[in-house]
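Here are my notes on the model you sent, set out as numbered points. Please read them with the structure open beside you.

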Amino acid sequence: MNSFNPFSLENKNILVTGASSGIGKAVAIACARMGASIVLNGRNVERLQETFQEMPSGNHIVAPADILDSSSLNGLVNAMPSLDGVVHCAGVANRVPCKNITQSDIDFVMRTNMNAPMLLQASLLSSKKINKGASIVFIASRAAESPSMGNAIYSASKGALISYAKCLALELAPRLIRVNCICPGMVWTELITKVLDEDTLREAEQKYPLKRFGRVEDIANLVIYLLSAASSWMTGESINISGGGEGVLV
Ligand SMILES: NC(=O)c1ccc[n+]([C@@H]2O[C@H](COP(=O)([O-])OP(=O)(O)OC[C@H]3O[C@@H](n4cnc5c(N)ncnc54)[C@H](OP(=O)(O)O)[C@@H]3O)[C@@H](O)[C@H]2O)c1
């Protein structure tokens, strides 16, 4: 039998935020299938347990916490084993025309999509929870570069995350810790179905060259690559994955 597998995640501890839903859920399950032990974070305990039930057995930890709350975040970090990988997947979206943007609209998106991953990452690093040679992955978005109506705050949050990740990659390179972003186009999850109606989405889907939006597994497979030794020369990058589309939804 051929045992060649450059994508193995055996013996790795990996934290996945947003593991209670959508892309994060698929990432947690896929990484566990590749041999990793997963720390599953989200706020909804019941949904985290559902993810946990779908994973092969292992030393997985269900770690509910609101990453916007500093004391919850500290508790999460303190309870964390040493990590070989982090997937920052928790995120929110809204659709507000630029002329109507309020401070609370900005706070809603920026606090979750930008502040929380930066502060969680800072806390993990200062608590020495990130092992030498680890891989850190941020789920950004094609929206960072691909404008669509009403999506300004979300696009800005992902653009900020990409810029931040490039700086983080430089700072962590001496310890061979790699940092990369994934920029998906539209992927069928609650994030898009909650803010856009189905007819709009189905019409936009047909504009994608491969005639479909992404499946959560499409993104999980790319995460596996970035967490594994197969990508050991990749850092400071952001990778588009969008079925050949721009990710545009005007
Ligand atoms: N779907 C797309 O088309 C698409 C495209 C590009 C990028 N993305 C990005 O992919 C990531 C995952 O999105 P998704 O599509 O999978 O959305 P989703 O199904 O709505 O999942 C969002 C996740 O974020 C978690 N979360 C939100 N706020 C949190 C908080 N304060 N503390 C802890 N967890 C929190 C949610 O957990 P709880 O509800 O349990 O708190 C949930 O697990 C996001 O960063 C999103 O911007 C999505």
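1. In this predicted model, L15 of strand 1 stands opposite V86 in strand 4, and the two strands, the latter spanning residues 83-88, pair in the parallel sense over three bridges. Strand 1 also has a partner in strand 2 (residues 37-40), to which it runs parallel and is joined by four bridges, with I14 standing opposite I38 there.

2. Strand 1 (residues 13-16) is covered on both faces, since N13 and L15 on one side are buried, as are I14 and V16 on the other. In a regular strand, side chains alternate between the two faces of the sheet. Strand 2 can be described in similar terms: S37 and V39 point one way, I38 and L40 point the other way, and all of these residues are buried.

3. On the far side of strand 2 from the point of view of this note, the pairing with strand 3 is parallel and rests on two bridges, with V39 placed opposite I61. The connection from strand 2 to strand 3 passes through helix 2 (residues 45-53), and this β-α-β crossover is right-handed. A right-handed β-α-β unit is likewise made by strand 1, helix 1 (residues 22-33) and strand 2.

4. Taken as a whole, the sheet is open and consists of seven strands in the order 3-2-1-4-5-6-7, with parallel pairing. Strand 3 (61-62) and strand 7 (237-241) are at the edges and have a single partner strand each, so one side of each is left without a neighbour in the sheet. The partner of strand 7 is strand 6 (residues 178-184), and these two pair in the parallel sense over five bridges, C181 standing opposite S238.

5. Which residues have the most contacts inside the largest nonpolar core? They are I14, V16, V27, A28, C31, I38 and V223, in a core of 68 residues. Helix 1 gives the largest share of this core, eight residues. If residues up to four places away in sequence are left out, V27 touches V16, V87, C89, A220 and V223. As a general matter, nonpolar side chains in soluble globular proteins tend to be buried together.

6. The ligand is surrounded by 28 residues, of which G22, G42, R43, G91 and T189 are the closest. By class, the shell around the ligand divides into twelve nonpolar, twelve polar and four charged residues. Helix 1 and helix 6 (190-193) each supply at least two residues of this shell.

7. Is A19, which lies in the loop between strand 1 and helix 1, buried or exposed? A19 is buried, because 33 other C-beta atoms lie within 10 Å, and the cut-off for that class is 20 or more. Not counting residues up to four places away in sequence, A19 touches G24, K25, A28, L40, N41, G42, L48 and T51. The C-alpha atoms of A19 and I38 are separated by 9.7 Å, the two residues being 19 residues apart along the chain.

8. A second loop residue that deserves a look is I177, found between helix 5 (152-172) and strand 6. I177 counts as buried because it has 21 C-beta neighbours inside 10 Å. With residues up to four places away in sequence excluded, I177 touches I130, K132, G133, A134, I136 and L172. From C-alpha to C-alpha, I177 and R215 are 28 Å apart in space, while in sequence they are 38 residues apart.

9. Finally, please check the backbone at two residues. N11, in the segment before strand 1, has a positive phi of about 65° although it is not a glycine, and N11 is exposed, with 9 other C-beta atoms within 10 Å. K211, in the loop between helix 7 (198-205) and helix 8 (216-227), has a positive phi of about 60° and is not a glycine either. K211 counts as exposed because 11 other C-beta atoms lie within 10 Å, where the class takes in residues with 12 or fewer.

Notes
Residues numbered from 1 in each chain as written. Predicted model: local features only at pLDDT ≥ 70, side-chain atom pairs only at ≥ 80, totals over all residues. Pairing = 2+ DSSP bridges. Right-handed = clockwise from strand over helix to strand, strands pointing away. Core = buried A, V, L, I, M, F, W, Y, C linked by C-beta atoms within 7 Å. Contact = placed C-beta atoms within 7 Å. Near = placed C-beta within 6 Å. Nonpolar A, V, L, I, M, F, W, Y, C, P; charged D, E, K, R; others polar.
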